[in-house]
Every structure is written in structure tokens, then in C-alpha cells.
Amino acid sequence: MNKIYMDNNATTAVKPEVLEAMLPYFCEQFGNPSSVHWAGRMVGGAIEKAREQVAELLNCSPAEVIFLSCGSEGDNYAIKGTADALKDKGNHIITTSVEHPAVLETCEALEKDGFEVTYLKVDHDGMLDLAELEAAITDKTILISVMWANNETGNIFPIEEIGQIAKKHKVRFHTDAVQAAGKIPVDVRKANVDMAVISGHKIGAPKGIGAMYLRRGTKISRFMHGGHQERNRRAGTHNVPGIVGLGVACDMALQNMDKDYKYVRNLRDKLEQGILASIAEVKLNGHPDADLRLPNTLNVSFNYIEGESLLLFFDMKGIAASSGSACTSGSLEPSHVMGAMGVDIVLAHSSTRFSLGSDNTEEEVDFILQELPQMVQRLREMSPLYNREEPTPLSCDECRMVNKACA
Ligand SMILES: *Cc1c(COP(=O)(O)O)cnc(C)c1O
């Protein structure tokens, strides 16, 4: 069975070039970069090179890049570190209702500590109302945190315009750029962003490495206490192989951005148009204008069926996709993003996300387009919500998949 991986917003494979660049830093160049002897000196340069590569992708200065353990840590640091550093100025934070849990749950935790958080609503297309954002700013507002692109729908938020609003009102602006970085241009200078977070494993580097852009002069409280690494901003011995890998992944993403954008978008558009044309009662979740979505993401709801059941059908054919987000699967709650968009509960439960990558091929898209209509049809026949004439008995395999006792 061929394996088709279309869950790149959950994680990506490490690119071979990235792995190769990392390998010397496990056994031969194993030193601690904080050591003054030869072993430490050997790796210091590699970290600084990676810092330049990250800075290049984000258009900032290398001195404004902090390496940390993952995207979630970056979001926690940006938000909690700001809340603590600016608590004498105010206690109000503005974010959106469709953020990744790394932002949402951090804000919720701060609410317990006396901070007030405005969670901006989105419309049916999953977009923000910038007038509402601006109107939410008070003299107590210390932070605006809006993701650059949404992991579930692929929607791209108008970060440059939000940056202008933040600048006008002198409010600090953080963006979770984990999904946007490497897929579309992320220029933190142009967008007037103060803090931005990226994660290695979403762009072909390994899991467990991330980076944060922190604009020069931005006051932030330490989050991780201990050693003096990262100019005293983030304690902990550097994950040297991870940092080297992240640098190479950023460099490759930058070099290949136009080519990858066109290639992946072409495949995604083909999948999207094929699904909308061949299956009835399908709803696209996200902005209908494909220019306003990441090139690789397609989120659709197949009315009457459970996204989770469809994923099991997919899995039997070797297709990996996701329902809701990786973080919500495993729970029966429909995704908070679908909820915020006002997607009807049945449709929210059937939401399915395909997130493509440059390793996908046209043959894979064709295969999915060939298999999907029958899978959806079969699941609809099994669905009590689907108005059908003669119920077809389930096969034993199907019973197992929908957790029904077999007749
Ligand atoms: C994956 C993801 C994160 C978390 O990154 P980790 O490195 O897995 O902690 C944060 N935000 C968004 C939008 C993501 O997609």
C-alpha cells in the first residue's frame, strides 16, 4: 500500500539536507557551546550561522533571534514574559478565538492571575474585523497576539495592518508565525511585529526546536531560569543539532519559497476543486479566496459524516490527514476554530484537513480524488443523519470502525 502523507500542519518529515547538516553535531562536534575549550568553540560558530539563517527568513537581525525548545514555548514566553514585564502598565491582552492552544491556554492561565483577555471573534470565513480589534484597545492594553496564519483553515491574517494598528496605539504585538513561516513571506520588520515564533518540525527540521524573534529593546521577563544562554534570555544548554537543523530548514524554505508555493498550491487547488466538483454537500472551511489561505491547506466538511470515521477509512488506504487539529483529535469536542467560525455542529464534526507539502505528488491527489467520493458515500449511508431509503448492512470492518456491535 502506498503511503500518502497530507498532515504537514501537524508535523513534517525532516528534510534529508537538514538531517545531514545535523549529524556531525551528535558525535564529533558534541561540545557545549558555553564551554571555553576547543570542544565548545567548535559548535559556537554553527549556532551563530543558524541564527543568521533564521534571521534571514524573518528579515530581522541575528541578535534578535532566540532559540528555544518549540513553538509552544515561544508563545508561552512571549505572552507570559510580556504580561510580567508590563504588569505595572496594564493588565489587558487582545488575542483571537482561533489561536493555537499554546496561545489560547496561556491567555486563559493569565486570566486566573488577574489579567483581562479579549478573544476577538471571527466571521464565517474565519477572518477578523480589524475595526473590532482597534476598538478593543484600552489604555490598559499591553499586548496584541494574533497568529500569522491559522493551522486548521490556513487563513492568513492581515499582520501588516494589525502591526500598523499596534504601532499607532503603542501596544506590543506578538504573532504565532509557526504555520506561516517558510510557506509565505514573513517579514517581521515590514509587519511591525515585536515578537514572532516559529517551530522547526513544521518546516522540515526536527521536533523540539523553535525560535523566537524578539525586537531589539523589547522588555520581557525571563521564563526559563538558569544559565546565561541566549544573552540571558533563555536558560538551558543549546540543542546544537536541532539549532543547526532549524537554520538549514529556514535557509531551504527561503531559497525554495516561490517554487514550493507554486508547486504545493497547484496540488492543493486541484484537490480542492476536485472535491468540490465531485462530492455533494461539501463545505469549504476557511476563506473562499485561495490567496488568503496558506498554499498547502484545505479544510472541508462532508455533511452527515464524522471526520474521525473518514480518517479511519483514509488510514485503510494509507492516507494520513487530520480532523480538526492534531491537538483536538482524541477528544470528541469539535475544534474551537470551527466553533468560532460558527460552523454548524454536524459540519464541524465532519471537518477534515488536508495539509500538503512539497513531497506530495499529482498522482497522490488523483488517488484521493478517485477514492474519496465512494468513501464519503459509504459513510453517509452508514450515518443516521443521512436521509436514505434502504440502509445497507455494515460489513464487519465497518462495524469495527464505527464501534458498533457486529450483527
Ligand atoms: C504546531 C503549532 C504550534 C506549536 O508548535 P510546537 O513546536 O509543536 O510546540 C504553535 N502554533 C501553531 C499555529 C502551530 O501550528
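This report walks through a predicted model, from its domains to its ligand and two of its residues.

## Two domains

Let us begin with the overall layout. The chain divides into two parts: domain 1 takes in residues 4–9 together with 256–402, while domain 2 covers residues 16–253. Computed along the sequence alone, domain 1 would be hard to spot as one unit, as its listing joins two stretches, 4–9 and 256–402.

How far apart are the centres of domain 1 and domain 2? Taken over C-alpha atoms, the separation is 30 Å. The two domains also meet: 27 residues of domain 1 are in contact with 30 residues of domain 2.

## Around the ligand

Next comes the ligand, which has 13 residues surrounding it. The closest of these are Ser72, Asp176, Gln179, Ser199 and Lys202. Sorted by class, the shell holds seven polar residues, three charged ones and three nonpolar ones. Helix α3, which spans residues 71–85, supplies the largest share of this shell, with three residues.

Which atoms of the ligand lie beside the side chains of Asp176, Gln179 and Lys202? For Asp176, a side-chain N or O atom is 2.6 Å from a nitrogen atom of the ligand. For Gln179, a side-chain N or O atom sits 2.7 Å from an oxygen atom of the ligand. Lys202 has a polar side-chain atom 2.8 Å from a ligand oxygen atom. Taken alone, the ligand exposes 380 Å², and the protein buries 90% of that.

## Val18 in helix α1

Val18 is part of helix α1, which runs over residues 16–22. Is Val18 buried or exposed? Its relative accessible area is 0%, so Val18 counts as buried, the cut-off being under 20%.

Which residues does Val18 touch, leaving out those up to four places away in sequence? They are Gly204, Ala205, Pro206, Gly245, Val248, Ala249 and Met252. Gly247 offers another view of this spot: Val18 and Gly247 are 229 residues apart along the chain, yet their C-alpha atoms are separated by 8.5 Å.

## Ala177 in a loop

Ala177 belongs to the loop between strands β6 (172–176) and β7 (195–199). With a relative accessibility of 0%, Ala177 falls under the 20% cut-off and therefore counts as buried.

Setting aside neighbours within four places in sequence, Ala177 is in contact with Trp148, Val186, Val197 and Ile198. Ala177 can also be paired with Met147: the two are 30 residues apart in sequence, and 6.0 Å lies between their C-alpha atoms.

Technical notes: Residues are numbered from 1 along each chain as its sequence is written. This is a predicted model: local features need pLDDT of at least 70, side-chain atom pairs count only at pLDDT 80 or more; totals for chains, interfaces and linings use all residues. Side-chain values use heavy atoms; hydrogens and water are left out. A residue is near a molecule or strand if one of its heavy atoms lies within 4 Å of it. A polar contact is a pair of N or O atoms within 3.5 Å; within protein, one must be able to donate a hydrogen and the other to accept it, and residues adjacent in sequence count only if both atoms are side-chain atoms. Accessible areas come from the Shrake-Rupley method with a 1.4 Å probe; for residues, only the protein chains shown count as cover. Helices (H or I, at least four residues) and strands (E, at least two) are DSSP runs, numbered from the N terminus. Ala, Val, Leu, Ile, Met, Phe, Trp, Tyr, Cys and Pro count as nonpolar, Asp, Glu, Lys and Arg as charged, and the others, Gly among them, as polar. Buried means under 20% relative accessible area, exposed over 50%, partly exposed in between (1.4 Å probe, protein chains only). Contact means heavy atoms within 4.5 Å. Domain bounds come from an automatic or database domain assignment.
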